[in-house]
Amino acid sequence: MHYFIGTLAATLPLAVAIPYGLTPRASKTGCTSLSFGNFSWNVEAFTYTAGYQFTTPSHQVSSGSVQFNLTNPAVLEKVTCSADSTWLTDFFYGNINYNCQAAAGSTTKTSFSFSRPSGELNINQTWTCNDEDPRYPVTFRGYGTVNLTLDCKETNYQNPDWHQGETYSDRRITCAPVTLPLKPHEQTAVA
Ligand SMILES: *[C@@H]1O[C@H](CO)[C@@H](O)[C@H](O)[C@H]1NC(C)=O
Ligand SMILES: *[C@@H]1O[C@H](CO)[C@@H](O)[C@H](O)[C@H]1NC(C)=O
Ligand SMILES: *[C@@H]1O[C@H](CO)[C@@H](O)[C@H](O)[C@H]1NC(C)=O
Ligand SMILES: *[C@@H]1O[C@H](CO)[C@@H](O)[C@H](O)[C@H]1NC(C)=O
């Protein structure tokens, strides 16, 4: 069995040689070879929404949110990523790493950052394969970046005859969900 490792980072830190040629016996058959192969995640239904509401002419209640799922075809796992922010005016600036939620018992760790001004989405994920030799699980770490071009619509409401207790104005931005494969620009493996 040969692994195609040409696309991996040149500094692949292999602490222990991967045991080649063993028959996969764990349930995640192919996990290791899929991870070493032409690996890519799938970013599913990335959505950005924002609302800028004024409850009075001077009191603003605004927030933005980001949501998507990320699937890893090697471990057959889907993690859920979401974040909310009230940091005016674009809410996401690429400077905060948010953790994604994996299923209970999962060892997969995922974080992301997003910048609304540039559309840049960064993803880091650590996952483990033990299908080759359960005594030597292989831990992979992938780093991915993509500039998303979001197709957004905006609505604006302005109360024509505002009274205390009513909404003064409401501006909403909703973007069409984006689904796309994302290949790590860097990937490491440690056995
Ligand atoms: C690698 O995967 C991508 C996305 O799934 C696909 O478009 C591409 O053709 C594949 N490349 C090879 C060499 O298999
Ligand atoms: C993410 O996956 C969950 C579970 O399958 C699903 O309920 C949810 O709608 C998905 N979210 C997105 C943004 O696709
Ligand atoms: C991903 O990892 C790199 C290197 O450790 C770090 O600089 C970056 O902030 C991380 N990004 C996310 C989204 O976790
Ligand atoms: C994203 O855009 C920035 C600047 O517009 C550029 O420097 C960067 O290379 C792009 N990244 C990708 C992954 O295309």
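Let's start at threonine 107: once neighbours within four places in sequence are set aside, threonine 107 is in contact with Thr126 and Thr128. The model here is a predicted one, and in it threonine 107 sits in the loop between β4 (98-99) and β5 (109-114). From threonine 107 to threonine 126 is a step of 19 residues along the chain, yet their C-alpha atoms are separated by 8.2 Å. Is threonine 107 buried or exposed? With a relative accessibility of 53%, threonine 107 counts as exposed, because the cut-off for that label is over 50%.

Now for some aromatic rings. Tryptophan 127 belongs to strand β6 (residues 120-129), while tryptophan 41 belongs to strand β1 (residues 41-56). A search of the whole structure turns up 16 aromatic pairs, and tryptophan 41 with tryptophan 127 is one of them, an edge-to-face pair with 6.3 Å centre to centre and 70 degrees between the planes. Given the strands they come from, the pair ties together parts that are 86 residues apart in sequence. Both partners are out of reach of solvent by the usual label: tryptophan 41 counts as buried at 1% relative accessibility, and tryptophan 127 counts as buried at 0%. Elsewhere in the list of rings, pairs link Phe46, Tyr48, Phe68, Phe92, Tyr98, Phe112 and Phe114 into a cluster.

Tryptophan 41 also leads us to threonine 71. Leaving out residues up to four places away in sequence, threonine 71 touches Trp41, Asn42, Glu44, Glu77 and Lys78. Threonine 71 is part of strand β2 (residues 59-72). One of those neighbours gets a polar contact as well: the side chains of threonine 71 and glutamate 44 meet at 3.5 Å. So is threonine 71 buried or exposed? Its relative accessibility is 19%, so threonine 71 counts as buried, the cut-off being under 20%.

Lys78, one of the residues touching threonine 71, brings us to ligand 2. Which residues surround ligand 2? They are Ala45, Asn69 and Lys78. Two of these come with polar distances. In the side chain of asparagine 69, an N or O atom is 2.3 Å from an oxygen atom of ligand 2; for the side chain of lysine 78, an N or O atom is 2.9 Å from an oxygen atom of the ligand. On its own, ligand 2 would expose 360 Å², and the protein buries 43% of that.

Stepping back to the whole protein chain, the secondary structure amounts to one helix and eleven strands. Read from the N terminus, the order is α-β-β-β-β-β-β-β-β-β-β-β. Among contacts with a separation of 6 or more, 60% are between residues 24 or more positions apart. Of the 191 residues, 40% count as buried. The accessible surface of the chain is about 10,400 Å², with 52% of it belonging to carbon and sulfur atoms.

Finally, how far should you trust the coordinates? The protein chain has a mean pLDDT of 87, and 86% of its residues reach 70 or more. Residues 1-27 are another story: pLDDT stays under 50 there, although the model has 44 contacts beyond four places in sequence for that stretch. Where pLDDT is low, predicted coordinates should not be read in detail.

How values were computed. Residues are numbered from 1 along each chain as its sequence is written. Chains are lettered from A and ligands numbered from 1 in the order in which they are written. This is a predicted model: local features need pLDDT of at least 70, side-chain atom pairs count only at pLDDT 80 or more; totals for chains, interfaces and linings use all residues. Side-chain values use heavy atoms; hydrogens and water are left out. A residue is near a molecule or strand if one of its heavy atoms lies within 4 Å of it. A polar contact is a pair of N or O atoms within 3.5 Å; within protein, one must be able to donate a hydrogen and the other to accept it, and residues adjacent in sequence count only if both atoms are side-chain atoms. Accessible areas come from the Shrake-Rupley method with a 1.4 Å probe; for residues, only the protein chains shown count as cover. pLDDT is the predictor's confidence in each residue, from 0 to 100. Contact means heavy atoms within 4.5 Å. Helices (H or I, at least four residues) and strands (E, at least two) are DSSP runs, numbered from the N terminus. Buried means under 20% relative accessible area, exposed over 50%, partly exposed in between (1.4 Å probe, protein chains only). Rings of Phe, Tyr and Trp (its six-membered ring) pair if their centres lie within 6.5 Å; planes under 30 degrees apart count as stacked, over 60 as edge-to-face and the rest as tilted.
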